[in-house]
Amino acid sequence: MAVHEHPHRTSAFHLPRSRRNGSASDGDVTAAATDSTAATTVARAYAFASLRLVTGFVFLWAFLDKTFGFGYATPSGKGWIDGGSPTKGFLSSVAAGPMESTFHDWAGAGWANWLFMLGLLGVGIALVAGVALRLAAVAGTAMMALMWLAEWPPAKHLSDGTLSMSSNPFADYHLVYAIVLIALAAAGAGATWGLGKLWATLPIVRDHTWLR
């Protein structure tokens, strides 16, 4: 049973206290706490904005490199505008997982190329601009989920029996990107260094919050 002691008005056990000094001390503590909270909020906003911009550049660069063949992941002269396929190389090389044959069928298909490239472009622009982050999170997470299935980290061996060299049976960079996209949308990370505030004032966005 808990015993609660109540203060008694007995001068013998209480030292006199200055109300003015106490009030000033409480005010200082409150002001310091407020300043600390404000600083933390600002730091968090800048951190999320930086994460948003860097992630957006990842998607935008993938689109640009696959389109024009800058010689990084896509060799020069093999870009989409040169007649290359953004999906054929990756999907045709899938060698593990329950959707292996399905991905082989999709490899190089026109609709697959367009959906993949529009997804990269749309998510990249949304993140860099700080708008439609919820849509970007849904589209980006769907893309990452499909790419996770294509690489199939749980497999220890490929379909030909060779080691898959998977470093983790579940968590890989596709999963990390998906979580980042969801976190950015949940945090409303488009307001800092972005057009998120302006985007939210548009009538269609005010009426349909899923567009934020």
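What percentage of the 212 residues in the chain do buried residues make up? The answer is 27%. Keep in mind that this is a predicted model.

Let's start with the overall layout. You'll count eight helices and zero strands, so to speak a run of α-α-α-α-α-α-α-α from the N terminus on. How do parts of the chain meet? Take the contacts between residues at least 6 apart in sequence: 62% of them join residues at least 24 apart.

Now look inside. In soluble globular proteins, nonpolar side chains tend to be buried together. Here, the largest nonpolar core has 20 residues, and those touching the most other members are F59, F116, L120, V123, L127, M144 and L181. Four helices each give two or more residues to this core: α1 (19-68), α4 (110-129), α5 (133-151) and α6 (173-187). There's also a second, separate core of five residues, with V94, F103, A107 and A150 among them.

Zoom in on L181 to see who its partners are. Setting aside neighbours within four places in sequence, L181 is in contact with T55, F59, V123, L127, A136, A137, G140 and T141.

Not every nonpolar residue is tucked away, though: I81 has a relative accessible area of 55%, so I81 counts as exposed. You'll find I81 in the loop between α1 and α2 (88-92). Together with L64, F68, F70 and Y72, I81 forms a nonpolar patch on the surface, and the patch has about 530 Å² of accessible area.

Finally, step back to the whole chain: about 13,900 Å² is exposed, and carbon and sulfur atoms supply 66% of that area.

Technical notes
Residues numbered from 1 in each chain as written. Predicted model: local features only at pLDDT ≥ 70, side-chain atom pairs only at ≥ 80, totals over all residues. Heavy atoms only, no water. Core = buried A, V, L, I, M, F, W, Y, C linked by side-chain atoms within 4.5 Å. Buried < 20%, exposed > 50% of the residue type's maximum accessible area, 1.4 Å probe, protein only. Contact = heavy atoms within 4.5 Å. Patch = residues over 30% accessible without salt bridge, like charges linked within 9 Å, V, L, I, M, F, W, Y side chains within 5 Å. Areas by Shrake-Rupley, 256 points an atom, 1.4 Å probe, with all protein chains shown as cover. Salt bridge = Lys/Arg side-chain N within 4 Å of Asp/Glu carboxyl O.
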